[in-house]
Amino acid sequence: MLDYVNYKVDDSLYDEHKDLRLEKTYELCVNELGLQQTKRDQIIAFYIAIISFVVPQILEMDNAVYKAAGFLVLFVIGALLTKAIIRYRVYKEAYWMTCRTISTLFTFKQEKISKELVQHIFYNTMKKNMPNVVVVKNKRKKEKPSTIRTFLYNRKSTETILFEVMAILISLVLWISIYIVLSSLIACSITISIAAATFAALSDFIYWCCMYGKKLVDVYSVIFNGNDDSFNDTYSKAWFLHSFYREVSSSAKES
């Protein structure tokens, strides 16, 4: 086996009086939080630029197959970018809770900071922040998050509005592609072509809205299911917190 596999890390290698530099870490986390918004805006601007440049070129084509294929490619590109926007939104939520966790750690002695303490604070931060993001239904019976209601609840925020702009754009591109296929290649009537294309575009838009809501719900899913995997999935994104403690070494566990 290679050395990096067999290398043993024990307690003697750790600095018990290390400086965690909470202030600096907090500053970096806040900067990363703002960077997520910048990346989102850049993605939307990039896609609009692509559409502005490519669509006129596609419309000038005489072959309907090429036109439909061109718009379909634009749709696929837009779908991939929309997934990235949702991912940035999820990471923004994780970074926001990370910032609140770090600010809470300021009140603790550094030598008392442990994995259990950090995760405890992060979990409590999730519980406090969840009602501001996720909408719960069936309160009288059992609390269960609602994907649709969560999306609608967050629609007032600027970032959700920008997401909707992106979702509308790619749904419109899909509409054009399907309309060309049905009206020009399959020779369907205009009414059928418009109806089918509209149905597909609306379905696509609803899909992305549901996906957006679902991903926000997933961030806080541990609150509802109590599953460690759900917590770890969110906590793994809060990587700024992972340097505040060390895992117990195998030798320590055995002792």
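**Figure 1. Overall fold of the predicted model.** Read from one end of the sequence to the other, the protein follows the pattern α-α-α-α-β-β-α-α-α-α-α-α, and there are ten helices and two strands in it, where helices (H or I, at least four residues) and strands (E, at least two) are DSSP runs numbered from the N terminus. This is a predicted model, in which local features need pLDDT of at least 70 and side-chain atom pairs count only at pLDDT 80 or more, while totals for chains, interfaces and linings use all residues. Residues are numbered from 1 along each chain as its sequence is written, and side-chain values use heavy atoms, with hydrogens and water left out. Of the 255 residues of the protein, 39% count as buried; buried means under 20% relative accessible area, exposed means over 50%, and partly exposed lies in between (1.4 Å probe, protein chains only). The protein exposes about 15300 Å², of which carbon and sulfur atoms supply 59%, with areas taken from the Shrake-Rupley method with a 1.4 Å probe and, for residues, only the protein chains shown counted as cover. Among contacts with a separation of 6 or more, 75% come from residues 24 or more positions apart, a contact being heavy atoms within 4.5 Å.

**Figure 2. Helix H6 and the residue that follows it.** Helix H6 covers residues 158-185, and its 28 residues, at 1.5 Å a residue, should span 40 Å, which agrees with the 40 Å between its end C-alpha atoms; the expected span is 1.5 Å times one less than the number of residues. Ala 187, which follows H6, has a positive phi, near 65°.

**Figure 3. A nonpolar patch on the surface.** Leu 185, found in helix H6, joins Met 61, Val 65, Tyr 66 and Ile 186 in a nonpolar patch with about 470 Å² of accessible area together. Patches are made of residues with over 30% relative accessible area and no salt bridge, like charges being joined within 9 Å and nonpolar side chains (Val, Leu, Ile, Met, Phe, Trp, Tyr) within 5 Å. Leu 185 itself counts as partly exposed, because its relative accessibility is 42%.

**Figure 4. Salt bridges and a network among them.** The count comes to eight salt bridges, each defined as a side-chain nitrogen of Lys or Arg within 4 Å of a carboxyl oxygen of Asp or Glu. Glu 159 forms one with Lys 92, the closest N and O atoms being 2.7 Å apart. Because Glu 159 lies in helix H6 and Lys 92 in helix H3 (residues 64-105), this pair ties together parts that are 67 residues apart in sequence, and both residues are buried. Arg 40 pairs with Asp 41 at 2.9 Å between the closest N and O atoms; Arg 40 is buried, at 10%, whereas Asp 41 is partly exposed, at 36%. These four residues, along with Arg 89 and Glu 93, are linked in a network of salt bridges.

**Figure 5. Helix H7 and two cysteines.** Phe 199 lies in helix H7 (residues 190-219) and counts as exposed, because its relative accessibility is 61%. Its C-alpha is 8.6 Å from that of Trp 175, although the two residues are 24 apart in sequence. The structure holds zero disulfides, a disulfide being a pair of cysteine sulfur atoms within 2.5 Å. The sulfur of Cys 210 is 6.9 Å from the closest cysteine sulfur, in Cys 209, and therefore too far for a bond. Cys 209 is buried at 7% relative accessibility, whereas Cys 210 is partly exposed at 25%.
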